[in-house]
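Here is a set of short exercises to work through with the model open beside you. Try each task before you read its solution.

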Amino acid sequence: MTSTKPSEGPLAGVRVIDMATVVMGPYAAQVLGDLGADVIKIESPKDTVRHGTLHRTPGMTPLNLNVNRNKRSVRLNLKDEADRERALELIGTADILITNMRIGALRRLGMDYESLAPGNPRLVYAHAQGFRPDSDRADLAAYDETVQAASGLLDLARRAGDIGRPVVLPSIFADKVAALTIAYSTLAALVHQRATGQGQLVEVPMADTLLAFNLVEHLQGQLYEPPMGPTGFALSMNKGHRARPTKDGLVMIIPYTPQNFRDLFCAAGRPDLAEDPRLAGEFVDSRRDGEALAELVESVTPNLTTAEWIEVCSKHSIPVGPVLELDQAADDPYVRDGHLLDVAEHPSEGSYRVVGVPMTFSATPASVRRHAPLPGQHTEEVLAELGRDA
């Protein structure tokens, strides 16, 4: 699974410079690396993703291992003139540059798009930060939690849970959504570059990205002008959207259609509930009846085991999913058979679990070819390719 053999992925021959820190930019660059690009990570002497209490070797934290594979690490201090010249020379060999440094710092270093484009007009320059650079929030320090708040996600959590002080989604959600947006945006710009020879600046503000992401379903009545109703997608805001207790555990069952509800109640031995008049039509009114029907569902799910419910739901096409406990994920048959957490041998870290590449290609397979590198591990190798000494 991990080797240094040449890439066979769809981005083989594409060079990416990862000049980003923490998760958003590095994760985007890793996605491109998984797809076959040659990713060179220009690391400053300090990157918080390498800091943490869990590690076998300093700097090799779990988060670092999960966002920096398929990369070569070059350690350069961009405040040092000689190192900055080396970095600029590396950027001159690239198709794509990804950075989340603040625009002021980039300008001082001569590494903003306007400074780099004349010398490399083919460069696709992807710049990501918390808020639009032309807004009055441009200089705010942005973290995942603050972007979740600014995008309306905390408001949705507050309303769906009837809680005064909502907690953030327990995932680095804004960072990863923005990272995937960076990945597909740069690929679109790369198609343009290949067709015309012209690069461009791609701006991906986290707050704008997550707000657009949330509003796909949640704009609702506010889509119209004048508004026809409030924001909030009824199905997603349903307070009954939670794991259901079974005879031996938990399961997520989400019946959507009246027939789903009727089949579920009959399977639970309660055909009387299937006669509920709220289930007589073609659709369920989720905004009006969703919570009440959810309570009925939860009252009958303890009648069967989790395995029995999965069998029933499969038979009747009722949406269902087992509740995966992350501590047990490596032993889950679905995870194991999909090679989503295979064990590999890292040269410095020993045995560790590698998060698998989730997509497949029939002709140009994505792959994990390189383990996450030690800080500066490839400095000499990469600079030698430029004809320089480290």
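## Exercise 1: a small sheet

Strands 7, 8 and 9 form an open sheet, ordered 7-8-9, with antiparallel pairing. Strand 7 (244-245) and strand 9 (320-322) are the edges, each with a single partner strand, so one side of each has no neighbour in the sheet. Helices (H or I, at least four residues) and strands (E, at least two) are DSSP runs numbered from the N terminus, and two strands pair if DSSP finds at least two bridges between them.

Before the task, a word on the source: this is a predicted model, in which local features need pLDDT of at least 70 and side-chain atom pairs count only at pLDDT 80 or more, while totals for chains, interfaces and linings use all residues. Residues are numbered from 1 along each chain as its sequence is written, and side-chain values use heavy atoms, with hydrogens and water left out.

**Task.** Find how many bridges join strand 7 to strand 8, and locate the residue opposite Pro245.

**Solution.**
1. Go to strand 8, residues 250-253; 2 bridges join strand 7 to strand 8, and the two run antiparallel.
2. From Pro245, look across to strand 8: Leu250 stands opposite.

## Exercise 2: the parallel strands

**Task.** Trace the bridges that link strands 1, 2, 4 and 5, and decide how enclosed strands 2 and 4 are.

**Solution.**
1. Begin with strand 1 (residues 15-19) and strand 2, which run parallel and are joined by 4 bridges. Val16 stands opposite Val39 of strand 2.
2. Strand 1 also runs parallel to strand 4, again with 4 bridges. Met19 has Thr99 of strand 4 as its bridge partner.
3. Continue to strand 5: 4 bridges join strand 4 to strand 5, and they run parallel. Here Leu97 stands opposite Tyr125 in strand 5.
4. Now check burial, where buried means under 20% relative accessible area, exposed over 50% and partly exposed in between (1.4 Å probe, protein chains only). In strand 2, 5 of the 6 residues are buried, so this strand is largely enclosed by the rest of the structure.
5. Strand 4 (residues 96-99) is covered on both faces, with Ile96 and Ile98 buried on one side and Leu97 and Thr99 buried on the other.

## Exercise 3: two pockets

**Task.** Describe the volume and lining of the largest pocket and of the second largest pocket.

**Solution.**
1. Set the terms. On a 1 Å grid over the protein atoms alone, a pocket is an open set of points where a 1.4 Å probe fits, with protein on both sides within 12 Å along at least five of seven lines; lining residues have an atom within 4 Å of a point. A volume is the space filled by probe spheres set on the points.
2. The largest pocket has a volume of about 1,200 Å³. It is lined by 39 residues, of which Thr21, Val22, Asn100, Met101 and Arg102 are the closest to its centre.
3. At least two lining residues of the largest pocket come from each of strand 2 (38-43), helix 4 (103-109), strand 5 (124-129) and helix 6 (144-150).
4. For residue class, Ala, Val, Leu, Ile, Met, Phe, Trp, Tyr, Cys and Pro count as nonpolar, Asp, Glu, Lys and Arg as charged, and the others, Gly among them, as polar. The lining of the largest pocket has 21 nonpolar, 8 polar and 10 charged residues.
5. The second largest pocket has a volume of about 640 Å³. Of its 21 lining residues, Pro62, Asn66, Leu341, Arg353 and Val355 are the closest to the centre.
6. Helix 2 (62-67) and strand 11 (350-355) each supply at least two residues of this second lining, and strand 11 gives the most, with 4 residues.
7. The lining of the second largest pocket divides into 13 nonpolar, 4 polar and 4 charged residues.

## Exercise 4: backbone exceptions

**Task.** Examine the backbone at Val22, Gln220 and Pro226, and place each residue in its loop.

**Solution.**
1. Recall the background: most residues other than glycine have a negative phi, and most peptide bonds are trans.
2. Val22 has a positive phi, near 60 degrees. Val22 lies in the loop between strand 1 and helix 1 (24-34) and is partly exposed, with a relative accessible area of 34%.
3. Gln220 also has a positive phi, near 45 degrees. Gln220 sits in the loop between helix 9 and helix 10 and is partly exposed at 33% relative accessible area.
4. Finish with the cis peptide bond between Glu225 and Pro226, where omega is about 5 degrees. Pro226 is in the loop between helix 9 (206-218) and helix 10 (234-237).
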